[in-house]
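Subject: Structure handover

Hello,

Please find the structure below, with the sequence alongside. My notes on it follow.

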Amino acid sequence: MTRHTTSLPPGYFDERYAADPDPWNFETSAYERDKYDATLAALPRPRYAAGLEIGCSIGVLTASLAPRCDTLTALDVAEAALDQARARCRDLPGVRLMRAQVPGEWPEGTFDLILLSEVVYYLDAGDVARLAARVRGSLRPGGDVVLVHWTGETHYPLSGDEAADLFIRESRETLALDRQVRAHSYRLDVLRSRAAPAAPAA
């Protein structure tokens with residue numbers, strides 16, 4: 001399997017969705033279902049004011065994550081995936097779906113939860129560093145970052161372990177590793193902001 005050496009372009013994902021509306025079997029895979037359950041169970045807080053999901057695809061996890069967030073901004077690079085996500089999340093008023101190619105494009109605002117599920121390994125090392133900077137710049141004090149990645153062989157620029165370890169290294173001055181879960185075929189890393197949340201006004 002020949003590995004890509006640079007960040008995967010939007011056309012890579014457009015081609016996948018053109019060939020199959022659910023190319024990674026998000027709706028039907030037992031692996032995905034178990035991973036989503038583990039992801040939601042690993043969130044340190046029962047509820048967040050503002051969540052950001054990078055790489056939402058067709059919105060299966062988005063729809064499950066939305067009830068845990070007052071507002072949830074979900075990004076993907078593929079318009080075909082976002083069309084499905086919009087249909088799936090149309091009755092969830094707190095969800096905002098946007099087309100964006102990270103790390104070059106990024107939503108405005110700050111967030112107390114940022115989720116990167118099966119996405120960091122699509123980037124090369126330079127873009128992972130830029131992504132980490134974006135996350136650091138938009139995470140609220142006391143906020144949480146959750147990484148989830150397949151750990152099997154891929155043809156992406158980075159393996160799941162390489163991607164997660166690199167992101168953690170790039171973020172270590174501002175994010176502390178809270179917990180790591182290793183399943184048979186994926187790893188889940190929870191990072192927490194080293195900055196304390198602001199005290200409520202008197």
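A good place to start is Asp189, which is found in strand E7, residues 186-193. Please keep in mind that this is a predicted model. Asp189 has a relative accessible area of 0%, so this residue counts as buried. Its side chain makes a polar contact with the side chain of Gln180, at 2.7 Å. Neighbours within four places in sequence aside, the residues in contact with Asp189 are Val145, Val146, Leu147, Ala164, Ile168, Leu177, Arg179 and Gln180.

Val145, one of those contacts of Asp189, leads on to the nonpolar core. Which members of the largest nonpolar core touch the most other members? They are Leu116, Val145 and Phe167, out of 67 residues in that core. With residues up to four places away in sequence not counted, Val145 touches Ile114, Leu116, Val135, Leu139, Phe167, Leu175, Asp189, Val190 and Leu191. Leu116 and Phe167 are thus among the residues that Val145 touches.

Next, the pockets. The largest pocket holds about 420 Å³ of space. It is lined by 29 residues, and those closest to its centre are Phe13, Gly55, Asp76, Val119 and Tyr122. Four elements give two or more residues to this lining: helix H1 (10-19), helix H2 (30-42), strand E1 (48-54) and strand E2 (69-76). H2 provides the largest share of the lining, with 3 residues. Sorted by class, the lining of the largest pocket consists of 17 nonpolar, 6 polar and 6 charged residues.

The second largest pocket has a volume of about 250 Å³. Trp24, Tyr31, Glu32, Trp150 and Tyr156 are the closest to its centre among the 17 residues that line it. By class, the lining of this second largest pocket is made up of 9 nonpolar, 4 polar and 4 charged residues.

Glu32 also turns up among the contacts of Phe26. Phe26 has its place in the loop between H1 and H2. Is Phe26 buried or exposed? It counts as buried, because its relative accessibility is 13% and the cut-off for buried is under 20%. Leaving out neighbours within four places in sequence, Phe26 is in contact with Tyr17, Glu32, Tyr36, Ser57, Ile58 and Val60. Along the chain, Phe26 and Leu43 are 17 residues apart, and 20 Å separates their C-alpha atoms.

Ser57, one of the contacts of Phe26, is in the loop between E1 and helix H3 (60-65). At 5% relative accessibility, Ser57 is buried. What is notable about its backbone is phi, which is near 55 degrees, a positive value in a residue other than glycine.

Glu118 also has a positive phi, near 55 degrees, and is likewise a residue other than glycine. Where does Glu118 lie? Its place is the loop between E4 and helix H5 (125-138). Glu118 has a relative accessible area of 10% and is therefore buried.

One more backbone feature concerns Pro103. The peptide bond that runs from Val102 to Pro103 is cis, and its omega is near 5 degrees. Pro103 is in the loop between strand E3 (95-99) and strand E4 (111-117).

Regards

Notes
Residues are numbered from 1 along each chain as its sequence is written. This is a predicted model: local features need pLDDT of at least 70, side-chain atom pairs count only at pLDDT 80 or more; totals for chains, interfaces and linings use all residues. Side-chain values use heavy atoms; hydrogens and water are left out. A nonpolar core is a set of buried Ala, Val, Leu, Ile, Met, Phe, Trp, Tyr and Cys residues joined through side-chain atoms within 4.5 Å. Buried means under 20% relative accessible area, exposed over 50%, partly exposed in between (1.4 Å probe, protein chains only). Contact means heavy atoms within 4.5 Å. On a 1 Å grid over the protein atoms alone, a cavity is a set of points where a 1.4 Å probe fits but cannot get out, and a pocket is an open set with protein on both sides within 12 Å along at least five of seven lines; lining residues have an atom within 4 Å of a point. Grid points are joined across faces, edges and corners, and a volume is the space filled by probe spheres set on the points. Ala, Val, Leu, Ile, Met, Phe, Trp, Tyr, Cys and Pro count as nonpolar, Asp, Glu, Lys and Arg as charged, and the others, Gly among them, as polar. A polar contact is a pair of N or O atoms within 3.5 Å; within protein, one must be able to donate a hydrogen and the other to accept it, and residues adjacent in sequence count only if both atoms are side-chain atoms.
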